[in-house]
Each structure stands twice: as structure tokens, then as C-alpha cells.
Number of protein chains: 2
Amino acid sequence: MGARVTMRDVAQAVGMSPMTVSRALRDDRTVNAKTRAKVRQVADDLGYVYDSTAQAFRTQKSGFVAVTLPSVNNANFAETFRALTNGLGESGLQLLLGSTNYRVEREEELVRQLLTRNPEALVLTGGHHTDETRKLVQGRDLPVIEMWDLPTDPLGHVVGFSNSDAMDHIVEHLAQTGRRKLAFVGASEGADMRGAVRRAGAVEAARARGLPAVAMIDAGPAPVSMRHGAAVIETMGREVAQYDALVCVSDPVAFGCLSAVQRMGLSVPDDLAITGFGHFEVAKVSNPRITTVDVQAEDIGRQVVSLLHGIFNEEIDAPVRIDVGSALVVGETS
Amino acid sequence: MGARVTMRDVAQAVGMSPMTVSRALRDDRTVNAKTRAKVRQVADDLGYVYDSTAQAFRTQKSGFVAVTLPSVNNANFAETFRALTNGLGESGLQLLLGSTNYRVEREEELVRQLLTRNPEALVLTGGHHTDETRKLVQGRDLPVIEMWDLPTDPLGHVVGFSNSDAMDHIVEHLAQTGRRKLAFVGASEGADMRGAVRRAGAVEAARARGLPAVAMIDAGPAPVSMRHGAAVIETMGREVAQYDALVCVSDPVAFGCLSAVQRMGLSVPDDLAITGFGHFEVAKVSNPRITTVDVQAEDIGRQVVSLLHGIFNEEIDAPVRIDVGSALVVGETS
DNA sequence: CCGCCAATTGTTATCGATAACATGATACCG
DNA sequence: CGGTATCATGTTATCGATAACAATTGGCGG
């Protein structure tokens with residue numbers, strides 16, 4: 001139990017040099033097949049565990065891909081993360097995950113920390129970063145991918161969709177079905193950038209179609225979820241009936257609103273339309289089903305994976321920009 | 001942009017030895033305050049980034065805590081994970097996350113991979129593991145914590161609750177409110193161990209109270225969620241009305257069932273009671289609110305953190321077993 | 001039987017930070 | 001003013017795996 005078992009120990013046990021052991025364990029075909037088998041056997045017997053730290057140090061390849069997410073407690077981000085884990089795991093890469101809690105300052109701190117681990121690539125969620133983050137990232141010869149957004153001034157590669165376009169789909173749909181007085185339900189100004197872009201998208205889309213100005217319903221600081229949607233509507237009470245449609249920043253918020261609206265005896269979509277964002281499971285299962293936008297979280301993850309493969313195989317040099325798009329999913333709440 | 005900046009480079013630039021730089025950057029007070037400031041300054045100017053890999057290698061302390069979760073796409077596990085990240089982040093520890101997809105074989109593979117990174121502790125979700133996993137873990141001088149369960153034969157420390165006790169609370173409540181014909185809705189036999197234990201708990205609790213045998217409704221392979229709950233009930237159709245209560249393996253499944261049951265015109269709880277598990281947000285917001293069991297996901301995370309702190313400060317030697325308990329939350333579906 | 005090639009194994013140096021020990025400079029005491 | 005404590009910095013060796021190069025063996029053609 002005392003000292004750890006190293007390659008040197010295994011080498012001594014089989015009566016060969018550490019180098020041969022190193023090669024054998026990596027299945028190097030220049031090592032005799034019998035020797036390889038024997039080394040494997042002895043390593044197992046001794047309970048040898050490979051030291052990735054030492055390897056990472058020596059080869060200067062960490063085997064890590066660093067990823068930042070606003071929150072892991074979000075089915076969509078979790079889905080993207082899953083796709084990344086599975087895809088990169090097959091290439092022997094491990095994910096180093098950090099949560100920004102929807103704050104760019106926290107992101108900066110995280111990136112600083114993640115970079116000390118020598119990741120082979122950095123995957124950031126969103127296109128808004130502090131200047132310091134930009135500096136940190138750009139000084140290094142490190143592939144960077146921003147996802148879930150289409151920034152105008154990208155750090156490197158991009159795999160995402162336009163949040164404002166997606167919002168435009170929603171408003172277009174509402175306008176076509178005769179809704180005019182819209183209210184946007186989202187987080188307070190400030191923290192959540194994607195949320196802010198969606199809000200702006202809704203405002204602009206309404207303006208472009210000659211609808212009245214979009215009212216703002218503040219569900220509190222990001223991240224906002226089901227309970228915040230429900231709470232803000234409960235607080236408003238019947239006043240909410242003055243609107244034709246509640247345009248929510250996400251499906252969970254929409255579900256909270258829906259539930260609260262139903263509890264006060266209003267009918268959706270007869271008295272009021274409600275729309276969400278993200279095509280979460282709850283939108284498909286709720287009663288009525290929520291009209292939303294599918295942003296293909298899993299596809300984003302898969303695209304990032306194949307992009308990274310391209311980068312590691314040196315098939316890609318110039319920055320790539322992939323728009324995975326978004327699609328309106330009409331439910332029963334509009 | 002070519003070669004990376006190391007401590008040696010910083011040292012050369014300030015005209016001191018690398019050792020002094022090392023000390024200065026770690027805020028060692030034996031280094032003159034002015035020198036420290038200067039070193040900091042120069043390091044910044046050169047764009048120096050600390051190499052944690054080298055540190056981990058030299059000191060044999062990785063700064064990692066390895067964690068396995070069945071899935072990150074589950075609000076409860078995500079919540080525990082968040083608590084771990086925040087709590088351990090304050091001590092400068094980073095989490096290495098792996099998802100087992102609810103399979104012990106995948107867990108084994110993951111543990112093997114995670115161990116090569118020399119984590120300072122290993123946190124596993126659940127108390128069921130392959131023999132190989134047990135061997136891997138026990139051979140080493142590594143703190144192990146199993147969480148979300150109370151295994152009878154623990155690998156080390158434990159922070160969890162009894163899934164069968166929790167299920168007993170539910171069945172007790174249903175029995176008291178006059179429900180007799182129960183059906184358990186969960187994943188197929190096999191993969192998800194916590195689910196299996198809950199099922200067994202429900203069966204046993206019903207038996208102990210002289211209720212008829214619990215029917216089994218198979219919602220498909222783990223992980224099961226909202227849509228699986230809804231789908232299986234839709235497939236059953238009105239047959240579901242033969243039961244007094246649907247005891248679901250989790251809140252999302254319960255919500256799916258609830259939604260499907262409502263769609264076919266049945267009333268909950270009048271025609272049928274529905275219960276969930278885990279006190280997910282959806283249970284609080286749905287309409288009606290779902291009767292469930294609160295398992296305090298965040299508290300589990302916090303307890304694990306303080307346990308780890310105790311271990312690292314060598315205040316703890318013998319294996320610790322913490323039962324965070326679980327509490328019935330009566331909603332409107334029963 | 002010599003020489004050369006292929007197959008297999010070994011030797012040495014190294015990645016960057018830091019623990020342990022050593023050294024030089026300065027202050028302070030009786 | 002000698003001697004010792006204190007402060008500030010330097011030297012050396014090291015963590016484990018592996019790239020680059022070196023060496024040994026056996027086989028086979030001529």
C-alpha cells in the first residue's frame with residue numbers, strides 16, 4: 001500500500017527496461033508480442049495504474065478539452081455536454097468542465113484556471129467575454145470554439161445559431177396568428193447575455209412588424225426557471241390578461257407561466273398565447289404542449305466534436321463558422 | 001507565440017532564480033514584498049501561465065477530485081454537482097466529471113480513466129459497482145465517498161439516504177389515503193440500480209401493509225424521463241384507470257404520466273393518484289403539484305464537501321456514514 | 001563465412017515546478 | 001566587535017513517462 005507502482009517497478013518485475021514497458025503498454029508493435037502480453041500481465045498483477053499526469057507533462061499533451069457552460073443544470077447545455085463527452089471520449093480525450101453561472105467575470109476566472117491544465121482546445125458557451133478573457137485566449141496557440149451563439153467578432157471557430165433569428169421566428173408566428181400585445185418574460189438586465197439577445201430580438205421583431213412595443217416582465221436575476229416564471233405571473237395576477245402573448249426566454253420559464261396562468265383560471269391559448277425557447281422535454285410533454293424553438297443542443301455538441309477532430313488532424317486551418325440554425329416548433333399554446 | 005513561457009523565462013527577465021519566482025507566485029512571505037510584486041508584474045507582462053500539470057507531477061497532488069454521476073442531465077445530480085463545484089472550488093480543487101449513463105460497466109471504465117489523473121479523492125454516485133471497480137479503488141490510498149445511497153458494504157465514506165425508506169414514505173402516505181391498487185412506473189430491470197431499489201422498496205412497502213401486489217409498468221431502458229412516462233401511459237390507454245395510484249421512479253416520469261392521464265380525460269387525484277421522487281422543480285410547479293420525496297440534492301453535495309475538507313485536514317480517519325434522510329412532500333396529486 | 005538488414009530492446013535526456021538543503025547578507029545582542 | 005539569529009535568495013535533485021538515438025541479436029543472401 002505504501003509507494004505507488006511505477007513503470008520502473010513493472011520493468012524490474014519483468015526484467016526489462018522501463019522503455020520496453022512503456023512501449024508494451026501502448027501496444028507498440030515493435031515490441032515482441034509475447035513480451036507485450038507478459039508486461040500486461042505483470043502490470044495487472046502488480047496493480048499498476050498508468051500516470052496520465054506524467055505523460056501529460058512529458059509529452060506536453062494533456063488529453064483535456066476545456067469546456068465552459070453557464071450551468072449544467074439545464075437540459076440543453078447538459079445535452080450538448082453529453083454529446084461532447086461521448087464524441088471526445090472515443091478519441092481518448094477527457095472533458096474539463098467549468099460552470100460560469102451566467103457571468104462573464106466568473107468565466108474569466110474559470111478560463112484562467114482551465115488554461116493552467118494545458119487543455120488541447122477550449123470550448124466556450126456564448127460569444128460574450130471580458131477583454132481579459134479574450135487576451136488570455138488569443139495569446140496562445142490553442143484552438144478555441146465558441147458555441148450556442150454566432151458572435152460578430154469571434155475568438156476562433158464558431159458553432160451556433162442566431163438567438164435573434166430564433167426569436168424572430170416566434171414573433172413572426174405570433175403576429176401571423178393575430179397576436180399583437182406581446183410581453184417578454186425573462187431575467188433582469190445584465191447577467192445572462194443570451195437572454196438579453198433574445199429579449200432584444202423579440203423587441204426588434206415586433207417593431208419590424210409594426211406591433212406595439214413589447215412589455216417587459218422581469219422574472220428576477222439569471223438563471224430563471226420554472227418557479228420564477230410561475231412566481232412572477234402569480235404576483236401580477238389577472239393583469240397578465242392584458243397581453244395577447246407571453247414570449248418567454250426559455251421553455252422552463254414558459255412552463256412556469258403556463259402553470260400559473262392556468263391556476264388563475266385563464267385558458268391557454270384562448271385567453272393568452274405562451275411561447276418558450278429551446279425545445280426542452282417539458283415543452284413536448286406539458287398540457288398544452290408549448291410552442292417553442294428547437295435549437296438542437298445535441299447537434300451543436302456533435303458539430304463541435306467533428307470540428308475538433310478536424311482541427312487535431314490538421315485538416316482545418318482557417319476559422320470555421322457553423323450555423324446549426326433553429327426551427328419553430330408550433331405547439332398548443334399559441 | 002512560439003515557445004511557451006515558463007518560470008525560467010520569468011526568472012531570467014527579473015534576474016532571479018526560478019525558485020524565487022516559484023515562491024513569489026505562490027505568495028510565499030519569505031520572499032521580499034517588492035520582489036514578489038515585481039515578479040508578478042513581469043510574469044503578467046510576459047503572458048506567463050502557470051503550469052498545473054508540472055506542479056501536479058512534481059508535488060504528486062493533482063488538485064483534482066474525481067466524480068462520477070449517472071447523468072448530468074438530471075436536475076438533482078446537477079444540483080449536487082453544483083454544490084460540489086462551488087464548495088471545492090473555494091479550496092482550489094477542480095472537479096473531474098464522468099457520466100456513467102446509469103451503467104456500472106461504464107462506471108468501471110470511467111474510474112479506471114479517472115484514476116490515471118491521480119485525483120485526491122473519488123466521489124461515486126450510488127453503492128453498486130463491479131468487482132473490478134471495487135478492486136481498483138481499494139488497492140489505493142485514496143479517499144472514496146459513495147453518495148446518493150446507503151450501501152450495506154461501503155467502499156469508504158458514505159453520504160446518502162435510503163431509497164427504500166423514501167419509497168416507504170410514499171407508500172405509507174398512499175395507504176393512509178386509501179389507495180390500494182398501486183402500479184410502479186420505472187425503467188426496465190437491469191441498468192439503473194437506484195431505480196431498482198426504489199421499485200423493490202415500493203413492492204416491499206406495499207406487502208408490509210397488506211396491499212395487493214404492486215403492478216409493474218415498464219417505461220423502457222434507463223434513463224427514463226418525462227416523455228417515457230407519457231408514452232407508456234398513452235400506450236396503456238384507459239387501462240391505467242384500474243389502478244388507484246401510479247408510483248413513479250422520479251418526478252419527471254410522474255409529470256409525464258400526469259400529463260398523459262390528464263389528456264385522456266381522467267382526473268388526478270380523483271380517478272388516480274400519482275407520486276414522483278426527488279422533489280424536482282417540475283413537481284412544485286406542475287398543475288396539480290406532484291406528491292414527492294425531497295432528497296436534498298444540494299445538501300448531499302455540501303455534506304460531501306465538508307467531509308472532504310475533514311479528510312484533507314486529516315481530522316477524519318475512520319469511514320464516515322452520513323444519512324441526510326428524505327422527507328415526504330405532499331402535493332395535489334394524491 | 002562475411003556483411004547487412006530487420007527485429008527487438010536499451011540508454012540518455014527531458015518536460016516545468018518545487019522540496020530540501022545551502023548560502024549570503026544584514027541586524028542585533030551582550 | 002565577535003557571534004548568532006533573521007531574512008532573502010540560490011542550488012540540486014526529483015516526480016514518471018517517453019522521444020530520439022544507440023545497441024544487440026538473429027537471419028539470410030551471396
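Student: Which helices each supply at least two residues of the surface near DNA strand C?

Tutor: First, this is a predicted model: local features need pLDDT of at least 70, side-chain atom pairs count only at pLDDT 80 or more, and totals for chains, interfaces and linings use all residues, while side-chain values use heavy atoms, without hydrogens or water. Residues are numbered from 1 along each chain as its sequence is written, with chains lettered from A and ligands numbered from 1 in the order in which they are written. Helices here are DSSP runs of H or I with at least four residues, strands are runs of E with at least two, both numbered from the N terminus, and "near" asks for a heavy atom of the residue within 4 Å. On that basis, the helices are helix 2 (18-25) and helix 4 (52-59) of chain A, and helix 2 (18-25) and helix 4 (52-59) of chain B.

Student: Which element gives the largest share of the surface near DNA strand C?

Tutor: Of the 26 residues that surround DNA strand C, the closest are A:Gln60, B:Ser22, B:Tyr48, B:Tyr50 and B:Arg58. Sugar and phosphate make up 59% of the strand's atoms that come within 4 Å of the protein. With 5 residues, the largest share comes from helix 4 of chain B.

Student: Which residue has a polar side-chain atom 2.6 Å from a base oxygen of DNA strand C?

Tutor: Polar contacts are pairs of N or O atoms within 3.5 Å; within protein, one must be able to donate a hydrogen and the other to accept it, and sequence neighbours count only if both atoms are side-chain atoms. The side chain of B:Tyr48 has an N or O atom 2.3 Å from a phosphate oxygen of strand C, and A:Arg23 puts a polar side-chain atom 2.8 Å from a base nitrogen. The base oxygen at 2.6 Å is approached by B:Arg58.

Student: How far is the polar side-chain atom of A:Tyr48 from a phosphate oxygen of DNA strand D?

Tutor: DNA strand D is also surrounded by 26 residues, with A:Ser22, A:Tyr48, A:Tyr50, B:Thr20 and B:Gln60 the closest. Side-chain polar atoms of A:Ser22 and B:Thr20 each lie 2.6 Å from a phosphate oxygen of this strand. For A:Tyr48 the distance is 2.4 Å.

Student: How do the residues of the surface near DNA strand D divide into nonpolar, polar and charged?

Tutor: Helix 4 of chain A brings the largest share of this surface, 5 residues. Ala, Val, Leu, Ile, Met, Phe, Trp, Tyr, Cys and Pro count as nonpolar, Asp, Glu, Lys and Arg as charged, and the others, Gly among them, as polar. The division is 10 nonpolar, 10 polar and 6 charged.

Student: Is helix 10 of chain B parallel or oblique to helix 11 of chain B?

Tutor: Axes are lines fitted to C-alpha atoms over the stretch in contact, and angles between N-to-C directions run from 0 to 180 degrees; under 35 degrees is roughly parallel, over 145 roughly antiparallel, 65 to 115 roughly perpendicular and the rest oblique. Helix 10 (residues 226-236) and helix 11 (residues 251-263) of chain B pack at about 40 degrees, with axes 6 Å apart. Helix 10 of chain B is therefore, relative to helix 11 of chain B, oblique.

Student: Which residues of helix 3 of chain B meet helix 1 of chain B?

Tutor: Helix 1 (residues 7-14) and helix 3 (residues 33-46) of chain B pack at about 120 degrees, their axes 9 Å apart. From helix 1 come B:Asp9, B:Val10, B:Ala13 and B:Val14, where contact means heavy atoms within 4.5 Å. Their partners in helix 3 are B:Lys38, B:Val39, B:Val42, B:Ala43 and B:Leu46.

Student: What is omega for the cis peptide bond joining A:Ala222 and A:Pro223?

Tutor: Most peptide bonds are trans. A:Pro223 sits in the loop between strand 7 (215-218) and helix 10 (226-236) of chain A. For the cis bond that joins A:Ala222 to A:Pro223, omega is about -5 degrees.

Student: Where is A:Asp27?

Tutor: Most residues other than glycine have a negative phi. A:Asp27 has a positive one, near 60 degrees. A:Asp27 lies in the loop between helix 2 and helix 3 (33-46) of chain A.
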